[in-house]
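Hi,

Here is the structure I promised to send over. Have a look at it first, and my notes follow below.

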Amino acid sequence: MSELWQLDATQVAWRVRSREVSAREVTLSALARLDTVNPRLNAVVQTMPQEALAAADAVDQAIARGEAPGLLAGVPVTIKVNTDQKGFASTNGLKLQADHRATEDGPVVSNFRKAGAVIIGRTNTPAFSLRWFTSNDIHGETFNPRDKSLTPGGSSGGAASATAAGIGAIGHGTDIGGSVRYPAYACGIHGLRPTLGRIPAWNPSLPDRDIGPQLMAVSGPLARTIPDLRLALAAMSARDVRDPWWVPAPLEGPPAPRRAALCVAPEGMKVAPAVEAALRDSAARLRAAGWEVEEVAEVPPLREPAMMQARLWLAMLPRGGLAMAEREGEKASLAIFGHMSALCPQPDLVGFQDTLTIRMAFLRAWMLFFERYPVVILPVSGELPFANHADLGGAEAFRAIIEAQLVQVGLPLMGLPGLTVSTGMVGKAPVGVQLVGGRYREDLLLAAGEDIAAGGTPPSPIDPDWD
């Protein structure tokens, strides 16, 4: 039998519920894997072995009493360190928040616990969860288990690195501009940014006046299989009254045509040959599975939504964000704030109001497009995973990176779901595609993603394969 840490979440939950293995056995195996590979990766930066074993024992005891143990019975998971978990510091990669201990669980952590998941650790993020690269001055740097010279992605780089290496079957991440989708891409696994309002989100330790950033960033799962993403989504999206924006939308929507659009280079974005090959290969896989796939030259707007998304996010800077960054003094985040501000000047009040208004027009255009094509195949990034810290190469280097990440940044303005499906390797660099669909139609993305993944994905979990 495979080592228990190698099993995916679906297998673990079934074996624990059927008493083939105990949740404690699974947890001990997961903790041993963490101890073995995390020193090389620095993906998990806060651990809780005794708490994890106590949670596993509670699952085993519930099963012994004949009670339902939950969708994720005994499944080892990780939580991103920018999210409240009772008793732990929600550092968000900041020295300033080293003592910022949460006094209660946030909704997504509560939902994991209610589903019977076992939290084994908290994963690294860049300072302010800002970059597509993961390092900071409090927890240090996280590495990609497939190639140390490549970024593990960001901001959920710790979650992706850990999950790819077998530290937990499901990693929790948050996504405001690709922070789930890009780390999944960079580490060769799958990641889902759900529709805004699908998964309840709130950090109790943040003041309510900071609700804007909380609403823009949505929690989503990272996993090694598409069925695990489906399982995680069901668990994470349970009702929590603390988030008034949560929507009780069904996980399965009405039937839709198995029809997809392929757009290789939306709005003329530069796309590397290896990325284009992955996009066309994914379209071919869908056709082989019975989907109708039509290549289109354009999709609804992404460039202007990407600019507006940046404007909304940068609007926090005058309200104390920049002062906090200066107090933290982390060179990388200060540089990125500067590059972003140069590319996207902060709006005045009228510009801010216009941004909030016109995004409805963009969403309308996309929803009409989905009437014809329920699923759209797009790049995750225009390039293979970047060299680590490529964003610190100056303004031109940052501009090129922003261009490559166009789709990731543009879609969140409309609150649309996006799924990264990892499809293969180009040398040591993973490659994959992004699937996009209508609001609350994650079911269509997961169905298409499962058909694409059936054609082959990078092997995982993996040992770090660098010296």
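In what order do the 11 strands of the open sheet follow one another? Going across this predicted model, the order is β1-β3-β2-β6-β8-β7-β12-β13-β11-β9-β10, and the pairing is mixed. The edges belong to β1 (44–47) and β10 (292–295); each has a single partner strand, so one side of each has no neighbour in the sheet. On average, neighbouring strands are turned by 30° against each other, direction ignored.

At the β10 edge, strand β9 (residues 259–262) runs parallel to β10, and four bridges join the two. If you want to find one of these contacts on screen, Ala-261 has Glu-294 in β10 as its bridge partner. Helix α2 (residues 23–41) packs on the sheet, where it touches β1, β2 (76–80) and β3 (118–123). The direction of α2 makes about 20° with that of β3.

There is also a helix pair to look at. Helix α10 (residues 303–314) packs against helix α13 (residues 349–372) at an angle of about 140°, and their axes are 10 Å apart. That makes α10 oblique to α13, and their crossing is left-handed. Among the residues that meet there are Met-308 and Leu-312 from α10, with Phe-352, Leu-356 and Phe-362 from α13.

Since you may ask about cysteines: the disulfide count is zero, going by sulfur atoms within 2.5 Å. Cys-187 is buried, with a relative accessible area of 0%, and Cys-344 is buried too, at 3%.

Best wishes

How values were computed
Residues are numbered from 1 along each chain as its sequence is written. This is a predicted model: local features need pLDDT of at least 70, side-chain atom pairs count only at pLDDT 80 or more; totals for chains, interfaces and linings use all residues. Side-chain values use heavy atoms; hydrogens and water are left out. Two strands pair if DSSP finds at least two bridges between them. Axes are lines fitted to C-alpha atoms, for helices over the stretch in contact, and angles run from 0 to 180 degrees between N-to-C directions. Contact means heavy atoms within 4.5 Å. Buried means under 20% relative accessible area, exposed over 50%, partly exposed in between (1.4 Å probe, protein chains only). Angles under 35 degrees count as roughly parallel, over 145 as roughly antiparallel, 65 to 115 as roughly perpendicular and the rest as oblique. A crossing is left-handed if the near helix is turned anticlockwise from the far one by less than a right angle, and right-handed if clockwise.
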